[in-house]
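Here are a few exercises to work through with the model open in your viewer. Try each task before you read its solution.

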Amino acid sequence: LLPSFPGGPKTSMAGLEDSVLFVGTGEGVWRSPDYGFTWKQMLKEQVIYTLHTAYNGTVLAGAVGKLFYSEDKGNTWTEIDVPTDFPVKSFASTSTGKYFFITGEFTNEEGYKGDGVFFNEGDLTTWTARNTGINKIALHAEHITGDAYNRVYVGFADEYTTGNGGLFMSDNDGQQWQKISLNIDGLGAIKTANVFSINATPDDTLIYSVNGIITNFLVTLNLKKHRDDLQNTSPWKHMHVGSSSNWVLS
């Protein structure tokens with residue numbers, strides 16, 4: 001534990017298999033080659049919103065309207081402008097060398113805003129929006145993840161819980177997105193307000209952590225379902241920790 005971090009409050013963290021660690025802050029990216037005992041600033045930038053390490057070891061950092069990537073374990077970085085004015089909030093990558101990022105922000109004046117999902121074939125320079133099948137309520141994406149079969153999942157916020165937000169899935173590199181129903185046995189369907197986390201486990205279970213509304217009452221649940229069952233309307237199971245089902249998976 002460090003009494004303070006040299007770059008100020010931490011916004012994101014990532015690591016490589018050989019114990020090289022990265023931390024994003026409001027001043028850029030810091031790197032540690034020794035399990036976090038020492039740190040050095042390797043990228044000077046304003047706020048870094050997310051860090052990601054791909055299957056091939058490439059490290060990505062997201063900022064407002066641009067991203068940075070490193071192919072030498074964070075020693076040098078290349079800057080790429082991307083076609084959005086919103087923060088690059090999170091990345092996902094596939095085992096075939098393709099990349100995604102999501103966008104979005106919240107302001108008191110305008111509420112949820114964003115440009116949705118962007119895709120790259122692998123060169124990290126040319127990014128295109130891929131939002132076909134997503135209800136354009138605000139395109140404020142909150143979380144993205146991929147599974148071992150290169151299926152990608154995105155969770156969208158819905159400020160007024162109209163039913164347009166929620167969990168979307170693509171198995172064709174984002175060319176088409178399918179909305180996944182969120183039925184809870186004995187309760188009904190959740191209308192998503194916010195997505196806290198999406199995770200795909202090694203046993204092919206998808207975990208979806210959500211805050212939303214069922215009928216006319218508020219729920220905060222952590223749900224799980226096998227990837228093979230996502231396209232049907234069978235109910236999700238909700239996860240308990242101790243005596244409570246209200247906890248956040250991060």
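**Exercise 1.** How do the residues of the lining of the largest pocket divide into nonpolar, polar and charged?

*Solution.* First, the ground rules. This is a predicted model, where local features need pLDDT of at least 70 and side-chain atom pairs count only at pLDDT 80 or more, while totals for chains, interfaces and linings use all residues. Residues are numbered from 1 along each chain as its sequence is written, and side-chain values use heavy atoms, with hydrogens and water left out.

Now the split: the lining has 14 nonpolar, 14 polar and 9 charged residues. Here Ala, Val, Leu, Ile, Met, Phe, Trp, Tyr, Cys and Pro count as nonpolar, Asp, Glu, Lys and Arg as charged, and the others, Gly among them, as polar.

Next, the space itself. The largest pocket holds about 800 Å³. A pocket is an open set of points on a 1 Å grid over the protein atoms alone where a 1.4 Å probe fits, with protein on both sides within 12 Å along at least five of seven lines, and lining residues have an atom within 4 Å of a point. Of the 37 lining residues, His52, Thr53, Phe91, Thr145 and Gly146 are the closest to the centre of the largest pocket. The elements that give two or more residues to the lining are strands E5 (50–53), E9 (88–93), E15 (141–146), E21 (191–200) and E22 (205–214); strands are DSSP runs of E, at least two residues, numbered from the N terminus.

**Exercise 2.** Which strands are the edge strands of the sheet E5-E6-E7-E8?

*Solution.* Start with the layout: this is an open sheet of 4 strands with antiparallel pairing. Two strands pair if DSSP finds at least two bridges between them. E5 and E8 (78–81) each pair on one side only, which makes them the edges. Neighbouring strands of this sheet are turned by 20 degrees against each other on average, direction ignored. Zoom in on E7 (residues 66–70): 4 bridges join E7 to E8, and Tyr69 stands opposite Thr78 in E8.

**Exercise 3.** Is leucine 43 buried or exposed?

*Solution.* Find the residue first: Leu43 sits in strand E4. E4 (40–44) is an edge strand of another open antiparallel sheet, with the order E1-E2-E3-E4. Leu43 counts as buried because its relative accessibility is 8% (buried means under 20% relative accessible area with a 1.4 Å probe, protein chains only). Leaving out residues up to four places away in sequence, Leu43 touches Glu27, Gly28, Val29, Ile48, Phe68 and Trp77, where contact means heavy atoms within 4.5 Å.

**Exercise 4.** Why is strand E16 (residues 152–156) largely enclosed by the rest of the structure?

*Solution.* Count the burial: 5 of the 5 residues of E16 are buried, so the strand is largely enclosed. Then check the faces. In a regular strand, side chains alternate between the two faces of the sheet. In E16, Val152, Val154 and Phe156 are buried on one side, and Tyr153 and Gly155 on the other.

Finally, look at the partners. E15 and E16 run antiparallel, joined by 5 bridges, with Ala141 opposite Phe156. These two strands form a hairpin with 5 residues between them, and Asn150 in the turn has a positive phi of about 70 degrees. E16 also pairs with E17 (residues 166–170) in the antiparallel sense over 5 bridges, where Ser170 in E17 is the bridge partner of Val152.

Terms used. Grid points are joined across faces, edges and corners, and a volume is the space filled by probe spheres set on the points. Axes are lines fitted to C-alpha atoms, for helices over the stretch in contact, and angles run from 0 to 180 degrees between N-to-C directions. Buried means under 20% relative accessible area, exposed over 50%, partly exposed in between (1.4 Å probe, protein chains only).
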